[in-house]
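Here's a quick tour of a small set of contacts and surface features. Have the viewer open, and we'll go through them one by one.

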Amino acid sequence: MESPKEIPTEDIVKVDLQLLKDIHNVITVANQRCHWKISELYPLGLLVKTLEDTIERGEKDKKSREKLRENRT
């Protein structure tokens, strides 16, 4: 799996931040109910880490945009 810095720009897709949060929540619930194979844990962990990092970055960007709007008014 490529790190976020290595992803070519032509592959970047905009998605709603809430969608990413919902996907993260579904994985969290599934994780509690599922018995994972050892070989599945690492890829799942990478996916969850990428989701969490993307959500965190999106939240920070959202707050920055809100502050900019407040400062303009």
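## Starting on helix H2

Let's begin with Lys60 and Glu56: both sit in helix H2, four residues apart, which is about one turn of the helix. The two form a salt bridge, with the closest N and O atoms 3.3 Å apart. Glu56 has a relative accessible area of 44%, so it counts as partly exposed. Keep in mind that this is a predicted model, so the distances here come from predicted coordinates.

Another pair along this helix has a matching layout. Asp53 and Lys49 are also four residues apart in helix H2, so about one helical turn separates them. Their salt bridge has its closest N and O atoms 3.0 Å apart. As for exposure, Asp53 is partly exposed at 27% relative accessibility, and Lys49 is partly exposed at 46%.

## The overall layout

Zooming out, the protein has two helices and zero strands. Helix H1 covers 17–33, while helix H2 takes in residues 38–72. Of the 73 residues in the protein, 12% are buried. The accessible surface comes to about 6,600 Å², and carbon and sulfur atoms account for 56% of that.

## A bridge between the helices

How many salt bridges does the structure hold? There are three. Side chains of opposite charge can pair when their charged atoms come close. Besides the two pairs above, Lys21 forms a salt bridge with Glu59, and here the closest N and O atoms are 2.2 Å apart. This pair links distant parts of the chain, since Lys21 belongs to helix H1 and Glu59 to helix H2, 38 residues apart.

Are the partners of that bridge buried or partly exposed? Lys21 has 27% relative accessibility, so it counts as partly exposed. Glu59 comes in at 21%, which also makes it partly exposed. The cut-off for buried is under 20%, so Glu59, at 21%, doesn't fall in that class.

## His24 and its polar contact

Helix H1 also holds His24. What joins the side chains of His24 and Glu52? It's a polar contact of 3.0 Å. His24 has a relative accessible area of 17%, and because buried means under 20%, it counts as buried.

## Patches on the surface

Two kinds of patch are worth picking out in the viewer. For the nonpolar one, select Val13, Val15, Leu19 and Ile23: together they make a surface patch of about 340 Å². Val15 lies in the segment before helix H1. With a relative accessible area of 45%, Val15 is partly exposed.

The other patch is charged. Which residues gather in a patch of positive charge on the surface? They are Lys62, Arg65, Arg69 and Arg72. Lys62 is found in helix H2, and its relative accessible area of 38% makes it partly exposed.

## Pulling it together

So, for a quick recap, helix H2 carries the Lys60–Glu56 pair and the Asp53–Lys49 pair, each with its partners four residues apart. The Lys21–Glu59 pair runs between helix H1 and helix H2. His24 in helix H1 has its side-chain contact with Glu52. On the surface you have the nonpolar patch that includes Val15 and the positive patch that includes Lys62.

Terms used. Residues are numbered from 1 along each chain as its sequence is written. This is a predicted model: local features need pLDDT of at least 70, side-chain atom pairs count only at pLDDT 80 or more; totals for chains, interfaces and linings use all residues. Side-chain values use heavy atoms; hydrogens and water are left out. Patches are made of residues with over 30% relative accessible area and no salt bridge: like charges are joined within 9 Å, nonpolar side chains (Val, Leu, Ile, Met, Phe, Trp, Tyr) within 5 Å. Accessible areas come from the Shrake-Rupley method with a 1.4 Å probe; for residues, only the protein chains shown count as cover. A salt bridge is a side-chain nitrogen of Lys or Arg within 4 Å of a carboxyl oxygen of Asp or Glu. Buried means under 20% relative accessible area, exposed over 50%, partly exposed in between (1.4 Å probe, protein chains only). Lys and Arg count as positive and Asp and Glu as negative; His and the chain ends are not counted. The place of a charge is taken as NZ of Lys, CZ of Arg, CG of Asp or CD of Glu. A polar contact is a pair of N or O atoms within 3.5 Å; within protein, one must be able to donate a hydrogen and the other to accept it, and residues adjacent in sequence count only if both atoms are side-chain atoms.
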